[in-house]
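Here's a walk through one structure, taken a few spots at a time. Keep the viewer open and click along as you read.

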Amino acid sequence: MTTQLPVLPAARDTRGRALHDLRISVTDRCNFRCVYCMPRAVFGPDHAFLPRAELLTFEEIARLTAAFARLGVEKVRLTGGEPLVRRELPELVRMLAGVPGVRDLTLTTNGVLLPRYAADLKAAGLHRVTVSLDADDDDTFGRMNDSRAPVSAVLEGIRAAEEAGLGPVKINMVVKRGWNEHAILSMARRFRGTGRVLRYIEYMDVGHTNGWRLDDVVSAEEILETVGAAFPLEPVPPAYSGEVATRYRYADGAGEIGVIASVSKPFCGDCTRARVSADGQLYTCLFATSGHDLRALVRGGVGHDELDAALNSIWAARDDRYSEIRTAETAQLPKVEMSYIGG
Ligand code: SAM
Ligand code: SF4
Ligand code: SF4
């Protein structure tokens, strides 16, 4: 009788955290210029985006994903930049949907290109989408994303995703003091009772171009007080360990919201996420200053076992817990940009 043993034991980092989630940035480009992510003053017409030859090909992404899945990754999220500006994205989805071990394949998008792609993405095997929307009035939304897209374009994207079977849709709203906190309640009102789950995200000091200051952060506590005063809330236990959003339900049964308190209540202890940039650098933390060059490995002809061993040893050496040790000083250190590493 033969017994099948796993190729490698499940990867654990120095803090005992397993590797479960992989976020893959497929492009550093975007059709928006959100003030907290790609401020136009920095990402203007002269900004040098990655040349095409430096992007991982779909085959390279699929090969890396398969290696990550062998180490325990079950959830894969495509992100960017704006993932839907990468040409032929449904083809990549089709390839990743076929990777053994990948049980959850999702996409984070600003939504405006969903009416064009939602049906193809679903047919290719995408499971769900998360759509970012920072306000539900055109004026505030336009100031946050610094583009001409109206709120209705994103709402159409959300509808297209639902019609294609990519729901229930989660909505991400980054809250920045003085910019959109007045929309906290109107967004809650708009999405209550729709089956869509609104998640408020504390503004983070990712990258070093957004001029982040602690004073700009509207804390999860403040957000919950604002929503709870109008619509009483009850806590909901996490659906699984390592869930980034803390969940609440409306006491009147109108659904759920989430808060992602990455600044005020860091969750590094449960962080099981690895990130790969569009040019194939592996980052073991959103706030890392440098990555590990997986593209060089793959283009250098690395074998399967060797690739698995390399990923395993990078993960095994991981010690990151940036949000737990954040200070005003660390916030000013150079870090990779969110649009490059993916959210
Ligand atoms: N373009 C897509 C989008 O906006 O959904 C995907 C990439 S975006 C970098 C992923 C997520 O990161 C978005 O929900 C965005 O709002 C969030 N994000 C970007 N910069 C952020 C910041 N400084 N603090 C908190 N969240 C941020
Ligand atoms: Fe683009 Fe998303 Fe960053 Fe906004 S948050 S600039 S939509 S990548
Ligand atoms: Fe994970 Fe780094 Fe965020 Fe902590 S700061 S939760 S280690 S990505």
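## A buried ring and its helix

Phe 141 has a relative accessible area of just 1%, so it counts as buried. Bear in mind that this is a predicted model. Phe 141 belongs to helix H4, which runs over residues 138-145 and also buries Thr 140, Gly 142, Met 144 and Asn 145. What do those buried residues pack against? Their partners are helix H5 (151-164) and strand E5 (170-175). Right after H4 comes Asp 146, with a positive phi near 50°.

## Aromatic pairs

Searching the whole structure turns up 4 aromatic pairs. One of them joins Phe 32 and Phe 141: the ring centres sit 6.0 Å apart and the planes make an angle of 75°, so this pair is edge-to-face. The two rings come from distant parts of the chain, 109 residues apart, with Phe 32 in the loop between strand E1 (21-25) and helix H1 (58-70) and Phe 141 in helix H4. Phe 32 is buried too, because its relative accessibility is 4% and the cut-off for buried is under 20%.

Phe 287 and Tyr 322 also form an aromatic pair, and here the rings are stacked, with 4.4 Å from centre to centre and 15° between the planes. Phe 287 sits in the loop between strand E11 (281-283) and strand E12 (292-293), while Tyr 322 is in the loop between helix H9 (304-316) and helix H10 (338-341), so the pair ties together parts that are 35 residues apart in sequence. Are these two residues buried or exposed? Phe 287 is buried at 8% relative accessible area, and Tyr 322 is buried at 10%.

## Around ligand 1

Now for the ligands. Ligand 1 has 20 residues around it, and the closest are Tyr 36, Gly 81, Ser 132, Val 174 and Met 204. By class, that shell splits into 8 nonpolar, 10 polar and 2 charged residues. Strand E3 (104-109), E5 and strand E6 (197-202) each put at least two residues into the shell.

If you want specific atoms to click on, try these. An oxygen atom of ligand 1 lies 2.6 Å from a polar side-chain atom of Ser 132. A nitrogen atom of the ligand is 3.1 Å from a polar backbone atom of Tyr 36, and a polar side-chain atom of Glu 82 lies 3.2 Å from a nitrogen atom of ligand 1. On its own, ligand 1 would expose 540 Å², and the protein buries 95% of that.

## Ligands 2 and 3

Which residues surround ligand 2? They are Cys 30, Phe 32, Cys 34, Tyr 36, Cys 37, Met 38, Gly 81 and Asn 110. That shell has 6 nonpolar and 2 polar residues, with no charged ones.

The shell of ligand 3 consists of Phe 267, Cys 268, Cys 271, Arg 273, Arg 275, Cys 285, Leu 286, Phe 287, Arg 318, Asp 320, Tyr 322 and Ser 323. By class, it comes out as 7 nonpolar, 1 polar and 4 charged. Both Phe 287 and Tyr 322 are in that list, and these are the two rings of the stacked pair.

## Helix H2

Helix H2 covers residues 89-97, and its buried residues are Leu 89, Pro 90, Leu 92, Val 93, Met 95 and Leu 96. They pack against E1, H1, strand E2 (75-79), E3 and helix H3 (114-124).

## Two residues to click on

Thr 79 is found in strand E2. With a relative accessibility of 5%, it counts as buried. Setting aside residues up to four places away in sequence, Thr 79 touches Arg 23, Ile 24, Ser 25, Val 26, Thr 27, Thr 108, Gly 342 and Gly 343.

Ser 264 sits in the loop between strand E9 (256-260) and strand E10 (273-276). Its relative accessibility is 40%, so Ser 264 counts as partly exposed. Leaving out neighbours within four places in sequence, its contacts are Glu 202, Ser 219 and Ala 220. The side chains of Ser 264 and Glu 202 are joined by a polar contact of 2.5 Å. Ser 264 is also 9.3 Å from Glu 324, C-alpha to C-alpha, though the two are 60 residues apart in sequence.

Methods
Residues numbered from 1 in each chain as written. Chains lettered and ligands numbered in written order. Predicted model: local features only at pLDDT ≥ 70, side-chain atom pairs only at ≥ 80, totals over all residues. Heavy atoms only, no water. Buried < 20%, exposed > 50% of the residue type's maximum accessible area, 1.4 Å probe, protein only. Helix = DSSP H or I, 4+ residues; strand = E, 2+ residues; numbered from the N terminus. Contact = heavy atoms within 4.5 Å. Near = heavy atom within 4 Å. Polar contact = N/O pair within 3.5 Å; in protein donor to acceptor, adjacent residues only side chain to side chain. Areas by Shrake-Rupley, 256 points an atom, 1.4 Å probe, with all protein chains shown as cover. Nonpolar A, V, L, I, M, F, W, Y, C, P; charged D, E, K, R; others polar. Phe/Tyr/Trp six-rings, centres within 6.5 Å; stacked < 30°, edge-to-face > 60°.
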